[in-house]
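Please read the following points alongside the structure, which may be unfamiliar to you. They are arranged so that each one can be checked by eye.

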Amino acid sequence: MHELSLVKSLLSQVRSIVVDNKSESAEEVVVEIGPLSGVEVELVRSAFNQLSSELNQSGTTLTIHEVPLVVRCLDCGCESEVRGFVFRCQHCSSGRVQVIRGDEFRLVSVTLTESPVNA
(Lines give C-alpha, C1' and ligand atoms only; values in the text may rest on other atoms or scores of the structure.)
Protein backbone atom coordinates (compact mmCIF):
# COMPACT_ATOMS: atom_id res chain seq x y z
CA MET A 1 0.00 0.00 0.00
CA HIS A 2 2.00 2.96 -1.26
CA GLU A 3 -0.75 5.30 -0.08
CA LEU A 4 0.84 5.22 3.39
CA SER A 5 4.10 6.68 2.07
CA LEU A 6 2.21 9.22 -0.08
CA VAL A 7 0.12 10.38 2.89
CA LYS A 8 3.18 10.47 5.12
CA SER A 9 4.83 12.76 2.57
CA LEU A 10 1.64 14.83 2.34
CA LEU A 11 1.48 15.26 6.12
CA SER A 12 5.15 16.22 6.19
CA GLN A 13 4.43 18.88 3.58
CA VAL A 14 1.44 20.10 5.62
CA ARG A 15 3.57 20.23 8.78
CA SER A 16 6.14 22.37 6.94
CA ILE A 17 3.39 24.75 5.83
CA VAL A 18 2.13 24.99 9.44
CA VAL A 19 5.64 25.73 10.75
CA ASP A 20 6.52 28.16 7.94
CA ASN A 21 3.35 30.15 8.64
CA LYS A 22 3.84 30.08 12.43
CA SER A 23 0.44 28.50 12.79
CA GLU A 24 -0.81 26.21 15.51
CA SER A 25 -2.07 23.45 13.24
CA ALA A 26 -3.90 22.65 10.02
CA GLU A 27 -7.70 22.53 10.11
CA GLU A 28 -8.23 21.12 6.65
CA VAL A 29 -6.16 19.60 3.89
CA VAL A 30 -7.67 19.47 0.39
CA VAL A 31 -6.29 17.15 -2.27
CA GLU A 32 -7.23 16.15 -5.79
CA ILE A 33 -7.04 12.54 -6.92
CA GLY A 34 -7.58 11.41 -10.49
CA PRO A 35 -8.47 7.94 -11.74
CA LEU A 36 -5.05 7.49 -13.38
CA SER A 37 -3.09 8.54 -10.30
CA GLY A 38 -2.68 4.95 -9.15
CA VAL A 39 -3.99 5.99 -5.76
CA GLU A 40 -7.03 4.47 -4.06
CA VAL A 41 -9.20 7.14 -2.44
CA GLU A 42 -10.34 4.95 0.45
CA LEU A 43 -6.77 3.86 1.19
CA VAL A 44 -5.72 7.52 1.28
CA ARG A 45 -8.52 8.27 3.76
CA SER A 46 -7.51 5.31 5.91
CA ALA A 47 -3.81 6.19 5.80
CA PHE A 48 -4.60 9.83 6.61
CA ASN A 49 -6.68 8.86 9.65
CA GLN A 50 -3.98 6.51 10.89
CA LEU A 51 -0.96 8.75 10.26
CA SER A 52 -2.52 12.04 11.33
CA SER A 53 -3.15 10.52 14.77
CA GLU A 54 0.38 9.16 14.99
CA LEU A 55 1.88 12.51 13.93
CA ASN A 56 -0.22 14.64 16.32
CA GLN A 57 -2.31 16.07 13.49
CA SER A 58 -5.53 14.28 14.46
CA GLY A 59 -7.61 17.46 14.36
CA THR A 60 -6.94 17.92 10.66
CA THR A 61 -9.74 17.14 8.22
CA LEU A 62 -8.96 15.61 4.85
CA THR A 63 -11.13 16.64 1.90
CA ILE A 64 -10.66 14.70 -1.32
CA HIS A 65 -11.86 15.98 -4.67
CA GLU A 66 -11.99 13.17 -7.17
CA VAL A 67 -11.23 14.74 -10.54
CA PRO A 68 -12.42 13.27 -13.83
CA LEU A 69 -10.17 11.85 -16.49
CA VAL A 70 -10.05 14.40 -19.32
CA VAL A 71 -8.35 14.14 -22.70
CA ARG A 72 -7.61 16.57 -25.52
CA CYS A 73 -8.11 15.29 -29.04
CA LEU A 74 -5.01 15.63 -31.19
CA ASP A 75 -7.18 15.73 -34.34
CA CYS A 76 -10.01 18.18 -33.53
CA GLY A 77 -8.57 19.84 -30.39
CA CYS A 78 -11.70 19.32 -28.29
CA GLU A 79 -11.48 18.28 -24.66
CA SER A 80 -13.72 15.53 -23.33
CA GLU A 81 -14.16 13.37 -20.28
CA VAL A 82 -13.15 9.72 -20.56
CA ARG A 83 -15.77 7.26 -19.35
CA GLY A 84 -15.08 3.62 -18.76
CA PHE A 85 -11.42 4.11 -19.69
CA VAL A 86 -12.34 4.33 -23.39
CA PHE A 87 -9.76 6.79 -24.68
CA ARG A 88 -11.66 8.34 -27.61
CA CYS A 89 -12.66 11.89 -28.41
CA GLN A 90 -16.34 12.45 -27.51
CA HIS A 91 -16.68 14.88 -30.44
CA CYS A 92 -14.98 13.19 -33.43
CA SER A 93 -14.34 9.65 -32.07
CA SER A 94 -10.62 9.89 -32.78
CA GLY A 95 -8.39 7.65 -30.72
CA ARG A 96 -5.54 10.17 -30.94
CA VAL A 97 -5.98 11.79 -27.54
CA GLN A 98 -3.71 13.14 -24.84
CA VAL A 99 -4.51 12.95 -21.12
CA ILE A 100 -4.67 16.47 -19.72
CA ARG A 101 -6.31 15.78 -16.36
CA GLY A 102 -6.98 12.84 -14.09
CA ASP A 103 -3.51 11.49 -13.40
CA GLU A 104 -2.81 13.65 -10.36
CA PHE A 105 -2.58 13.23 -6.62
CA ARG A 106 -2.13 16.84 -5.68
CA LEU A 107 -2.26 19.04 -2.58
CA VAL A 108 -4.69 21.84 -3.41
CA SER A 109 -4.92 23.82 -0.18
CA VAL A 110 -4.26 23.83 3.54
CA THR A 111 -6.45 25.78 5.97
CA LEU A 112 -4.43 26.82 8.98
CA THR A 113 -5.47 27.43 12.58
CA GLU A 114 -4.11 30.65 13.95
CA SER A 115 -1.86 30.29 16.95
CA PRO A 116 -2.88 32.30 20.06
CA VAL A 117 0.13 34.60 19.50
CA ASN A 118 -1.03 35.47 15.97
CA ALA A 119 -4.75 35.67 16.86
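The numbered points below take up the sheet, its helices, the nonpolar cores and an annotated site in turn.

1. The model discussed here is predicted. Its open sheet consists of 3 strands in the order S2-S1-S6, with mixed pairing. Because S2 and strand S6 (105-113) stand at the edges with a single partner strand each, one side of each is left without a neighbour in the sheet. On average, and with direction ignored, neighbouring strands of this sheet are turned by 20° against each other.

2. Within this sheet, S1 and S6 run antiparallel and are joined by 8 bridges. One of the pairings to look for is that of serine 25, whose bridge partner in S6 is threonine 113.

3. Two helices should be viewed together with the sheet. H1 lies across S1 and S6, running at about 40° to S6, while H2 packs on the sheet, where it touches S1, S2 and S6 and has a direction that makes about 170° with that of S2.

4. The largest nonpolar core has 18 residues, and those with the most contacts inside it are Val7, Val29, Val31, Ile33, Val44, Leu62 and Ile64. Two or more residues of this core are given by each of helix H1 (3-20), strand S1 (25-33), helix H2 (41-54) and strand S2 (61-66). Apart from this core lies another, of 6 residues, which include Val71, Cys73, Val82 and Val97.

5. Valine 31 is a useful residue on which to centre the view. Leaving out residues up to four places away in sequence, valine 31 touches Leu10, Leu62, Thr63, Ile64, His65, Phe105, Arg106, Leu107 and Val108.

6. An unreviewed UniProt entry places the feature "binding site" at Cys73, Cys76, Cys89 and Cys92. These positions span 20 residues in sequence, yet no two of their C-alpha atoms are more than 8.5 Å apart, so they gather at one spot.

7. Is cysteine 73 of this site buried or exposed? Cysteine 73 has 2% relative accessibility, which is under the 20% limit, and therefore counts as buried. Cysteine 73 is found in strand S3 (residues 70-73) and, leaving aside neighbours within four places in sequence, is in contact with Cys78, Cys89, Cys92, Ser94, Arg96 and Val97.

8. Cysteine 76, by contrast, is partly exposed, with a relative accessible area of 36%. Cysteine 76 lies in the loop between S3 and strand S4 (79-81), and it touches Cys89, His91 and Cys92 when residues up to four places away in sequence are not counted.

Methods:
Residues are numbered from 1 along each chain as its sequence is written. This is a predicted model: local features need pLDDT of at least 70, side-chain atom pairs count only at pLDDT 80 or more; totals for chains, interfaces and linings use all residues. Side-chain values use heavy atoms; hydrogens and water are left out. UniProt positions are given in the numbering used here, feature names are shortened, and annotations may be inferred rather than shown by experiment. Helices (H or I, at least four residues) and strands (E, at least two) are DSSP runs, numbered from the N terminus. Buried means under 20% relative accessible area, exposed over 50%, partly exposed in between (1.4 Å probe, protein chains only). Contact means heavy atoms within 4.5 Å. A nonpolar core is a set of buried Ala, Val, Leu, Ile, Met, Phe, Trp, Tyr and Cys residues joined through side-chain atoms within 4.5 Å. Two strands pair if DSSP finds at least two bridges between them. Axes are lines fitted to C-alpha atoms, for helices over the stretch in contact, and angles run from 0 to 180 degrees between N-to-C directions.
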